[in-house]
Structures are given as C-alpha cells and as structure tokens.
Amino acid sequence: MKPLKVSLDDVTRRAVLKGAGLLAAAPAAVAGSVAAAAPASTSRVVVPNGTRAPWRLVNGWKVFHLVVEEVEHEFAPGLKAFTWGYNGSTHGPMLEWVEGDKVRVYVTNRLEAPTTVHWHGILLPNGMDGVGGLTQASIKKGETFKYEIEVKQSGTFMYHSHHDEMTQMGMGLTGMIVVHPRVPRGPKVDRDFVLMLHEWRLDVGASRPNPNEMTEFNLLTINGRAFPGTEPLVVKTGQRVRIRLGNLSAMDHHPIHLHGYNFHIVETDGGAIAASAQWPETTVLVPTGSTRTIELVANAPGDWAMHCHMTHHVMNQMGHGFPNMIGVQPGALDERVRKLLPGYMTMGQDGMGDMAVPHMPMPPNSIPMVGAQGKHDVITMGGMFTVLKVRDRLESYKDPGWYENPRGTLATVAEAAELTRDGIDVEKPPKAERGGDA
Ligand SMILES: [Cu+2]
C-alpha cells in the first residue's frame with residue numbers, strides 16, 4: 001500500500017476549516033499524524049508495539065484507507081504466526097479522530113473470505129454500522145467499500161470485522177479508535193497510551209491461530225504482543241497518565257491490575273464518567289466488547305507491573321494443562337524414563353516459576369511458558385503483562401532499562417543483626433492468633 005501523506009495544501013485547508021469553526025485549534029505540526037489536528041491540550045497517543053493510520057484531508061473529509069489482509073505477525077521474539085490484520089498490522093492501526101470530524105474510511109478486502117468493518121461504540125447512521133447481512137452487503141475479495149461517519153462524540157472505541165465474527169476477530173481483525181474531544185476536558189494529560197487486549201489459541205508448531213477454540217486460550221496479548229514482547233509504558237515522574245484499554249477477546253474479560261498506584265476510571269466506550277461518579281481502583285475489569293480508560297498521576301518512580309490478574313493470562317503457550325506435580329518426589333524416575341525417552345525430565349515439582357529458563361530444547365517457533373530474566377531474578381509472568389516505567393529523569397521515551405532502587409528501598413535478605421534487634425527467631429515463628437470473635 002502507498003503511504004498516505006498530508007500535503008501543505010491540507011494545512012491551508014485546515015486554516016480555512018479553523019476559520020469556519022471546524023477545528024478547535026491550529027495544527028501543532030505539519031506531519032501526517034492526526035495528533036497534529038487534535039486540540040492543543042491533547043498529547044500524541046502512544047500505541048506500544050502498535051501502529052497508527054495515516055490520513056489525508058480532502059474537501060473537509062479525513063480520508064483513511066484500511067486494507068484487510070493476512071499478516072506475518074510476531075507475538076514475541078521467537079514466536080510468529082500468520083494472522084489477519086489491516087495494512088500489514090495485527091491488530092489494525094489506531095484510527096485517531098477529533099470530535100466533529102467528517103471521516104471517510106475506504107476498506108479494501110484482500111482476503112479470500114468476505115468481511116466488513118464495524119465501528120464499535122461509534123454513533124453513526126445505521127447503514128454505516130458494518131454488520132454483514134444486516135446493515136450492508138459483505139465486502140468480497142478485491143472490493144473496496146466506503147464508510148462515512150460524522151463524529152459526534154469523543155473517547156476510546158474499537159473497530160472489528162462483523163462478518164464470521166468468531167473466525168475473523170479470532171484471527172486478529174480488530175483495532176482501536178481514539179477520538180479527541182473538540183473542547184479539552186479535564187486536567188491536561190501528558191502521556192496517553194492505548195492498549196488492545198486479546199486472546200489466541202496458537203498451538204506449538206502451528207503457523208496460524210485456531211479461532212475455533214472456545215475455552216483454552218494459550219496466548220494472551222497486549223497490542224498483539226505477549227510478554228516479554230510487550231514494550232513498557234515510559235513516563236516521567238509527576239506526569240498525568242491516561243491508559244485506554246480495549247478488549248475484543250473471544251471469551252474473556254480481563255481484570256487489569258496496576259501496581260504502585262490507585263487510579264480513576266474516567267471513561268468507557270459509552271462516554272465520560274462525571275468526576276463525582278468516579279471511584280478509586282487498583283484493578284480495572286475490561287469486559288470483552290468494551291473499553292475502559294484510566295488516569296493517574298505518576299508520582300511514584302519505579303518499574304511497576306501492569307498485568308491481567310487472571311493468573312492463566314500471564315502464562316504463555318505450554319503453561320497450561322500440566323498435571324499437578326507439586327510435591328512429587330521423582331526419585332530415580334527420570335533416569336528410568338530416559339531409557340525410553342532421551343532427555344526426559346520431570347517438571348513442576350516446585351511449580352512453574354523456573355520455567356522462564358527452558359529445561360529442555362525448545363520446539364521451534366515457541367517462547368518459554370513464563371516471562372524473562374528481570375533485573376533481580378526471573379520474572380515469572382508472560383502473556384498479558386507489561387511494565388509502567390516511571391523515572392525522575394528521562395532523555396527520551398525509549399525503554400530506560402531497569403529501575404535503580406534508592407538505598408534502603410529494596411527488599412533483600414535480612415541480616416542476622418536485624419533479626420536479633422527485632423526479636424525474630426526463624427526457628428520459632430509466632431503462632432497466628434485467632435481472628436474470629438469466638
Ligand atoms: Cu485476562
């Protein structure tokens with residue numbers, strides 16, 4: 001696909017539009033990014049690991065072009081598969097609009113199968129809703145359809161195929177939409193992230209996900225990536241941070257937990273939540289088919305885990321369906337089995353925590369069932385896991401590496417003198433007291 005560029009003509013047109021009251025603020029830059037046309041108080045939205053869609057302005061319409069096609073997608077270093085996406089990207093590129101925009105999206109189908117695009121949460125004329133058969137004919141292979149939407153709202157929304165939904169969303173035909181309010185609302189946000197949650201069944205050795213899977217998903221992703229493939233969210237101490245979460249998983253809701261902070265849920269795809277109706281949280285449940293936007297002030301530096309709190313959703317392939325081996329004493333079993341199965345090793349007697357380091361040769365195109373080496377030890381989570389990195393000083397928003405814990409603020413082995421000082425006898429721990437009334 002030829003990249004679309006914003007021309008200088010567009011800048012002139014924008015000035016005209018501004019005069020006509022169609023744009024709230026002058027563009028801050030000429031580059032072909034929608035953020036240039038967003039109100040001045042809105043920062044550029046960051047899509048970790050993801051892509052954004054370019055556009056051009058034609059006679060007052062913001063024109064986008066999505067091409068539906070197969071994509072060779074990398075879930076994490078060492079794990080690739082053929083998925084479906086838009087413009088070479090799974091999930092599709094973020095579409096960034098401004099409330100009041102007139103948006104025209106061309107959709108070209110390069111799949112063998114027909115498809116449509118539904119604009120999830122967007123208020124629009126019925127015939128633009130993208131439900132195959134109900135509101136439009138499906139887009140056949142080789143056809144290009146045109147959608148026109150006058151954007152009446154702001155917030156975080158999604159787009160996805162609404163034809164053969166199980167297959168096409170399961171193969172990755174989904175993306176995020178960010179709509180900036182025409183008139184800025186609430187405190188100015190310094191860092192604005194958008195994250196799409198998804199789940200897949202990708203069997204070891206398979207080259208395509210299995211969209212027919214109903215319960216046993218083994219690859220949980222943020223913007224199409226499983227940890228350790230997820231880029232951290234990098235912010236400076238004191239910045240106001242917005243995190244927009246969308247979920248188009250086939251079957252699961254994801255309780256996303258952020259460490260080190262409490263935050264407010266400020267928006268859903270149904271609209272903004274009045275400040276008086278917001279409440280503080282540490283975990284936000286993102287039901288499938290919805291978006292949740294949270295905001296916080298990053299006043300605590302560190303490397304803060306952010307992850308789905310369903311523990312099976314922070315494991316990678318091969319981390320599920322094991323027999324429970326905890327406490328098993330294999331004795332001479334391994335040696336005896338090795339006579340039949342060279343290289344056999346009983347695993348999981350102490351749990352799965354050490355599986356980030358493969359114990360046996362890994363099958364090709366696979367990643368360890370849990371995370372990666374961290375600064376202090378192995379990080380025993382994979383899948384739907386990322387890190388909010390908050391730093392007092394930043395040269396850029398590139399990954400700044402691991403956090404340097406200030407002296408006296410890191411959990412370490414207790415020294416004997418400390419145990420003595422505090423009356424701790426590790427051989428004689430105190431008995432727990434009864435907690436009930438009786
Ligand atoms: Cu989850």
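**Strand β5, the nonpolar core and a five-stranded open sheet**

In the predicted model, L95 lies in strand β5, which comprises residues 95-98. L95 counts as buried, because 25 C-beta neighbours fall inside 10 Å of this residue, where 20 or more are required for that assignment. When residues up to four places away in sequence are not counted, L95 touches A53, F64, Y159, G175 and I177. Of these contacts, the one with F64 joins residues that are 31 positions apart in sequence, with a C-alpha to C-alpha separation of 8.4 Å.

I177, one of the residues touched by L95, is also among the residues with the most contacts inside the largest nonpolar core, together with M94, V194 and L195. This core has 77 residues. Leaving aside neighbours within four places in sequence, V194 is in contact with M94, and M94 is likewise listed among the residues with the most contacts inside the core. The other contacts of V194, under the same exclusion, are V45, V47, T156, M176, V178 and R244.

Across the protein, 4 helices and 24 strands are found, and 38% of the 438 residues count as buried. Among contacts between residues at least 6 apart in sequence, 72% join residues at least 24 apart.

An open sheet of 5 strands shows mixed pairing, with the strand order β13-β24-β21-β15-β19. The edges of this sheet are occupied by β13 (233-236) and β19 (283-286), each of which has a single partner strand, so that one side of each is left without a neighbour in the sheet. Direction ignored, neighbouring strands of this sheet are turned by 20° against each other on average.

Within the sheet, β15 is placed between β21 and β19 in the strand order. Strand β15 (residues 254-258) runs antiparallel to β21 (residues 302-308), to which 3 bridges join it, and β15 also pairs with β19 in the antiparallel sense, over 4 bridges. On the β21 side, the bridge partner of L258 is M306, whereas that of H257 is H307; in β19, L285 stands opposite P255. The side chains alternate along β15, with H254, I256 and L258 pointing to one face and being buried, while P255 and H257 point to the other face and are not buried. Thus L258, bridged to M306, belongs to the buried face of the strand, whereas H257, bridged to H307, and P255, opposite L285, have side chains directed to the other face.

Definitions and conventions. Residues are numbered from 1 along each chain as its sequence is written. This is a predicted model: local features need pLDDT of at least 70, side-chain atom pairs count only at pLDDT 80 or more; totals for chains, interfaces and linings use all residues. Helices (H or I, at least four residues) and strands (E, at least two) are DSSP runs, numbered from the N terminus. A residue is buried if 20 or more other C-beta atoms lie within 10 Å of its own, exposed if 12 or fewer, and partly exposed in between; C-beta atoms are placed from the backbone. Two residues are in contact if their C-beta atoms, placed from the backbone, lie within 7 Å. A nonpolar core is a set of buried Ala, Val, Leu, Ile, Met, Phe, Trp, Tyr and Cys residues joined through C-beta atoms within 7 Å. Two strands pair if DSSP finds at least two bridges between them. Axes are lines fitted to C-alpha atoms, for helices over the stretch in contact, and angles run from 0 to 180 degrees between N-to-C directions.
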